[in-house]
Amino acid sequence: MLKQILQTKQEEISQLVVPEQQITEHYSLYEALSKPNRTLGLIAEVKRASPSKGMIKENFNHLEIAQSYEQGGADALSVLTDEQYFKGHRNFLIDIKKQIQLPVLRKDFIIDPIQVTESARIGADAILLIGEAMEPSKLYELYKQAYEEGLECLVEVHAKETLESILNVFTPAIIGVNNRDLHTFTTSIEQTKEIAQFVPKDSLLVSESGIGSYEDIHYVKQSGAHGVLVGESLMRQDSQKAAIQKLFGESAHAR
Ligand SMILES: O=P(O)(O)OC[C@@H](O)[C@@H](O)c1c[nH]c2ccccc12
């Protein structure tokens, strides 16, 4: 699946026109995850659909979702901007940045310098870079470019081997373990525990995908995660604010 998505991206990139610069306030993802609202940082994802689950939320309003996440005390947002496979749009991110005072991660398949510039132009605070999508040397080039253009990076890996090959080249400040294998879509939060021991002490660790209960939160925290990235389980409920409170084992009135 990842291969197919990357092929589509290549075609998109060949036609990509870089938009004009949005003027936005910037917030640091690293700082937000370093001093989270709860014992574990939360990046809440605005996710309408996915290739593995199909449509996740009908009657989708990206701004209402983002506002509800903010009210629920999310530390940061992730916004899917891929159109073809995730039914997202870069305009979702532009709109959300105008309304929300939180760091916003652009969630897409970024493999080319022009997409880094595009991300900076639309006002993203951070971008996702996927270890399994390119060679570590190329990933490092995009990483450096991103920081030069004022963006932070969440460097995601699924496999231990991918992390090791990246660490041979550089040490990302924020490392994500994707509990979902992007080739097979198999998801297991035990992946976080397995990889955590190889994450350098100075890097922040984010556990991504397949998190849906307070037990999961507890498990990845015990495994050494500083934060979690959660999409589907929050998106499927009517109120994202209430969904966050439930996920963290709080009563609706506790905060
Ligand atoms: O919906 P979930 O299982 O809570 O997962 C969220 C997020 O981790 C997932 O959307 C994701 C992680 N890495 C990605 C890379 C591309 C697209 C999507 C993703």
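**View 1. Helix α3 against helix α4.** Angles under 35 degrees between helix axes count as roughly parallel, 65 to 115 as roughly perpendicular, over 145 as roughly antiparallel, and the rest as oblique. In this predicted model, the axes of α3 and helix α4, the latter formed by residues 90-99, cross at roughly 40° and come within 10 Å. The two helices, α3 and α4, are therefore oblique to each other. The crossing in which α3 passes α4 is right-handed. On the α3 side, His62, Leu63, Ala66 and Gln67 make the contact, and on the α4 side Phe92, Asp95, Ile96 and Gln99 do so. By class, the residues of this contact of α3 with α4 comprise 4 nonpolar, 3 polar and 1 charged.

**View 2. Helix α3 against helix α11.** Helix α3 spans residues 62-71 and helix α11 spans residues 240-247. Their axes come within 7 Å and cross at roughly 40°, which makes α3 oblique to α11. Here α3 passes α11 in a right-handed crossing. Ile65, Ser68, Tyr69 and Gln71 are the contributors from α3, while Gln240, Lys241 and Ile244 are those from α11. The contact of α3 with α11 is made up of 3 nonpolar, 3 polar and 1 charged residues.

**View 3. The surroundings of the ligand.** The ligand is surrounded by 15 residues. The closest of them are Glu208, Ser209, Leu229, Gly231 and Glu232. Strand β10, at residues 227-230, and helix α10, at residues 232-235, each supply at least two residues of the shell around the ligand. In this shell, 6 residues are charged, 5 are polar and 4 are nonpolar.

**View 4. The annotated domain.** The UniProt record, an unreviewed entry, places the feature "domain: Indole-3-glycerol phosphate synthase" at residues 9-247. Within the model, this span of residues 9-247 is 38% helix and 18% strand. The C-alpha atoms at the two ends of the span lie 34 Å apart.

Technical notes. Residues are numbered from 1 along each chain as its sequence is written. This is a predicted model: local features need pLDDT of at least 70, side-chain atom pairs count only at pLDDT 80 or more; totals for chains, interfaces and linings use all residues. Axes are lines fitted to C-alpha atoms, for helices over the stretch in contact, and angles run from 0 to 180 degrees between N-to-C directions. Helices (H or I, at least four residues) and strands (E, at least two) are DSSP runs, numbered from the N terminus. A crossing is left-handed if the near helix is turned anticlockwise from the far one by less than a right angle, and right-handed if clockwise. Two residues are in contact if their C-beta atoms, placed from the backbone, lie within 7 Å. Ala, Val, Leu, Ile, Met, Phe, Trp, Tyr, Cys and Pro count as nonpolar, Asp, Glu, Lys and Arg as charged, and the others, Gly among them, as polar. A residue is near a molecule or strand if its C-beta atom, placed from the backbone, lies within 6 Å of it. UniProt positions are given in the numbering used here, feature names are shortened, and annotations may be inferred rather than shown by experiment.
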